Amino acid sequence: MGDGFGSLVFRPLLFPVKIKQAADDFRVEELTDFVPSAGAFALYQLHKTGWTTHDALNTVRRLWQVPPQRLSFGGLKDRHAQTLQHFTIEAGPPESLDQRGLRVTYLGQVPEPFASRHIRANRFLIVIRDLTSARAERT
């Protein structure tokens, strides 16, 4: 049956609600089967809040003095969310990094650069505010 995304049914809400009021209200997790084994590319997990993907990765590149052509990632994630995604650096350092709103975790080595084909799915968690129990039961 897979991850269940194919069986979701969305109906429009007929009353106002609030979404994305805080970074915790919207979470995106990149799911991949790309696992460390061996190779010339360091694989990292990027957890960010309040950063665009480009800004976060440019910060990592500057701190680690990595040329842009050695860095690869699979997709862009929302700035106004808590996101978890992956990227590789050719001959990247086996290091982790923790800055305000930005955490990079070294996962190991892989034989090729991370790309969109390595993303199996994106998992979303969305908080809906101002939704009463009575309204929820009517949907």
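Author: Let's start with a definition: a residue is buried under 20% relative accessible area, exposed over 50%, and partly exposed in between. Please keep in mind as we go that this is a predicted model.

Reader: Happy to start there. Why is R123 called partly exposed?

Author: R123 has a relative accessibility of 42%. That value falls between the 20% and 50% cut-offs, so R123 counts as partly exposed.

Reader: And what makes the contact of E29 with R123 a salt bridge?

Author: The rule asks for a side-chain nitrogen of Lys or Arg within 4 Å of a carboxyl oxygen of Asp or Glu. For E29 and R123 the N to O distance is 3.2 Å, so the pair passes. E29 sits in strand β2 (residues 26–32) and R123 in strand β8 (residues 119–126), which puts the partners 94 residues apart. E29, at 28% relative accessible area, is partly exposed as well.

Reader: How many salt bridges does this rule give?

Author: The count is four. Another of them joins the side chains of E30 and K77, at 3.0 Å from N to O. E30 belongs to strand β2 and K77 to the loop between β4 and β5, so this bridge ties together parts 47 residues apart in sequence.

Reader: Are E30 and K77 buried or exposed?

Author: Both are buried, and to earn that word a residue must have under 20% relative accessible area.

Reader: What about R120 and D33: how do you know that they form a salt bridge?

Author: Their closest N and O atoms are 3.2 Å apart; that is within 4 Å, so the pair qualifies. R120 is in strand β8 and D33 in the loop between β2 and β3, so parts 87 residues apart in sequence are tied together.

Reader: Which labels do R120 and D33 get for accessibility?

Author: R120 comes out at 47%, so it is partly exposed. D33 comes out at 56%, which is over 50%, so D33 is exposed.

Reader: Let's move to the helix. How do you know that T59 is buried?

Author: T59 has a relative accessible area of 10%. That is under 20%, so T59 is buried. T59 lies in helix α1 (residues 53–64), and the buried residues of this helix also include A56, L57, V60 and W64. Setting aside neighbours within four places in sequence, T59 is in contact with W51 and L102.

Reader: What makes the pair of T59 and D55 a polar contact?

Author: A polar atom of the T59 side chain lies 2.9 Å from the backbone oxygen of D55. The cut-off is 3.5 Å, so the distance fits.

Reader: How does the reach of α1 compare with what is expected?

Author: From first C-alpha to last, the 12 residues of α1 reach 17 Å, close to the expected 16 Å. The buried residues of α1 pack against β3, β4, β5, β6 and β7.

Reader: Which residues touch the most other members of the largest nonpolar core?

Author: Of its 15 residues, those are Y44, L46, V60, W64, F87, I89 and V104. Two or more residues each come from β3, α1, β5 and β7, and α1 gives the largest share, four residues. V60 touches F87, L97 and V104, residues up to four places away in sequence not being counted. A second, separate core has six residues, among them F34, F41, V110 and I119. As background, nonpolar side chains tend to be buried together in soluble globular proteins.

Reader: What makes the phi of Q65 worth a remark?

Author: Most residues other than glycine have a negative phi. Q65 is not a glycine, yet its phi is positive, about 55 degrees. Q65 comes just after α1, in the loop between α1 and β4. At 69% relative accessibility, which is over 50%, Q65 is exposed.

Reader: And what can you say about the phi of A91?

Author: A91 also has a positive phi of about 55 degrees without being a glycine. A91 lies in the loop between β5 and β6, and its relative accessible area of 55% makes it exposed.

Reader: Last one: what pLDDT does the chain average?

Author: The average is 85, and 76% of the residues score at least 70. Over residues 1–7 the pLDDT is below 50, and beyond near neighbours in sequence this stretch has five contacts in the model.

Terms used
Residues numbered from 1 in each chain as written. Predicted model: local features only at pLDDT ≥ 70, side-chain atom pairs only at ≥ 80, totals over all residues. Heavy atoms only, no water. Buried < 20%, exposed > 50% of the residue type's maximum accessible area, 1.4 Å probe, protein only. Polar contact = N/O pair within 3.5 Å; in protein donor to acceptor, adjacent residues only side chain to side chain. Contact = heavy atoms within 4.5 Å. Expected span 1.5 Å × (residues − 1). pLDDT = per-residue confidence, 0-100. Core = buried A, V, L, I, M, F, W, Y, C linked by side-chain atoms within 4.5 Å.
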